[in-house]
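Me: Please take a close look at a single part of this model and describe it with its surroundings. I am new to this structure, so give the cut-offs for the terms you use.

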Amino acid sequence: MPELPEVETIVRSLRPLLTGREIVDVKVTYDPIIGYPDKETFAAELPGRQIETVGRRGKYIVIYLVGNELLVTHLRMSGKLIYIENAAEIDKHTHVVISLDNGYQLRFVEIRKFGRMYLIPKTAPQKAGGFANLGPEPLEMSEEEFLQAMEKKKTRIKPLILKQEFIAGIGNIYADEALFLSKIHPERTADTLNLEDKKLLFKAIQQVLLQGIENRGTTRRDYVDSFGESGNNQNYLNVYGLEGEPCKNCGTPILRIQVGGRSSHYCPNCQSKG
Ligand SMILES: [Zn+2]
């Protein structure tokens with residue numbers, strides 16, 4: 001699933017291309033992709049609208065339209081938002097085609113059909129799934145804010161940092177990597193972490209996300225940016241997807257266990273149970 005670094009990579013590449021462009025036509029071929037409003041309204045409202053800029057909130061791509069509305073996209077498992085010439089062949093898993101005034105299109109492509117697009121008023125973020133309930137941005141919050149958020153938390157640390165209402169944008173890859181860097185076992189509960197652990201975890205979260213952005217995202221199965229290009233960060237991972245491989249610190253084989261229903265990769269020697 002695209003996480004903060006993958007979505008940020010897409011947003012940074014789309015921003016200069018989409019800013020100032022006008023939407024001229026919209027076609028929706030698989031209705032459930034449109035989460036709000038209904039397909040007809042979505043397709044009727046967008047043409048004639050100008051794009052002000054492109055941003056990101058958590059794992060959501062936010063296209064700001066001139067006026068009072070946002071075009072919000074969540075890629076979910078394997079969605080792609082592709083920027084491509086009108087004339088280019090249309091992939092059979094294309095569900096939404098947004099034509100621009102420069103001969104290019106923005107296409108929403110996804111085999112699994114879990115992704116969603118929403119056209120919402122800025123004042124009604126609750127219309128876009130979990131968009132309204134996102135926690136702070138990990139790259140914009142201070143250490144102090146993170147420590148405050150961690151106070152009195154007693155749940156296991158891995159599910160906690162995956163929780164989008166707690167902190168936005170982290171998924172399974174970057175959670176496992178951050179816990180490895182901070183030497184914290186994924187099953188530990190938040191109340192067993194001392195001040196030093198929490199500070200290390202916050203630093204590690206920022207570090208793995210920034211590295212992910214620098215490497216233009218992690219491509220494990222199918223993530224690509226808006227030009228169809230894979231990321232490079234899979235070459236820099238320490239634990240995620242590396243079950244059985246020797247730990248880069250100590251040589252102990254990396255283990256994979258289920259924590260809160262999600263597979264978690266960690267080094268049983270480096271990551272302390274506290
Ligand atoms: Zn190790």
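Reply: The centres of domain 1 and domain 2, taken over C-alpha atoms, lie 28 Å apart. Domain 1 covers 4-133 and domain 2 covers 143-266, with bounds from an automatic or database domain assignment. This is a predicted model, in which local features need pLDDT of at least 70, side-chain atom pairs count only at pLDDT 80 or more, and totals for chains, interfaces and linings use all residues. Residues are numbered from 1 along each chain as its sequence is written.

The part to look at is helix α1, residues 4-18. Helices (H or I, at least four residues) and strands (E, at least two) are DSSP runs, numbered from the N terminus.

Start with the contact between the domains. Domain 1 brings 18 residues to it and domain 2 brings 21 residues; two residues are in contact if their C-beta atoms, placed from the backbone, lie within 7 Å. On the side of domain 1 that touches domain 2, the elements giving two or more residues are α1 and β6 (80-85). Helix α1 gives the most to this side, with eight residues. By class, this side of domain 1 holds seven nonpolar, six polar and five charged residues. Here Ala, Val, Leu, Ile, Met, Phe, Trp, Tyr, Cys and Pro count as nonpolar, Asp, Glu, Lys and Arg as charged, and the others, Gly among them, as polar.

Helix α1 also meets helix α6, residues 195-214: their axes come within 8 Å and cross at roughly 40 degrees. Axes are lines fitted to C-alpha atoms, for helices over the stretch in contact, and angles run from 0 to 180 degrees between N-to-C directions. The two helices are therefore oblique to each other (under 35 degrees is roughly parallel, over 145 roughly antiparallel, 65 to 115 roughly perpendicular, the rest oblique). The crossing of α1 and α6 is right-handed, the near helix being turned clockwise from the far one by less than a right angle. From α1, the residues L4, P5, E8 and T9 take part, and they meet L209, G212 and I213 in α6. Four nonpolar, two polar and one charged residues make up this contact of α1 with α6.

Helix α1 has strands beside it as well. It lies across β3 and β4, running at about 175 degrees to β3. Six bridges join β3 to strand β4 (residues 60-65), and these two strands run antiparallel. One bridge pairs V54 with I63 in β4.

Both strands belong to an open sheet of five strands with mixed pairing, in the order β2-β9-β5-β4-β3; two strands pair if DSSP finds at least two bridges between them. Strands β2 (34-36) and β3 (51-57) are at the edges with a single partner strand each, so one side of each has no neighbour in the sheet. Neighbouring strands of this sheet are turned by 20 degrees against each other on average, direction ignored.

Strand β6, named above beside α1 at the domain contact, belongs to an open sheet of four strands in the order β1-β7-β8-β6, with antiparallel pairing. Its edge strands are β1 (23-28) and β6, each pairing on one side only. The twist in this sheet averages 20 degrees from one strand to the next.
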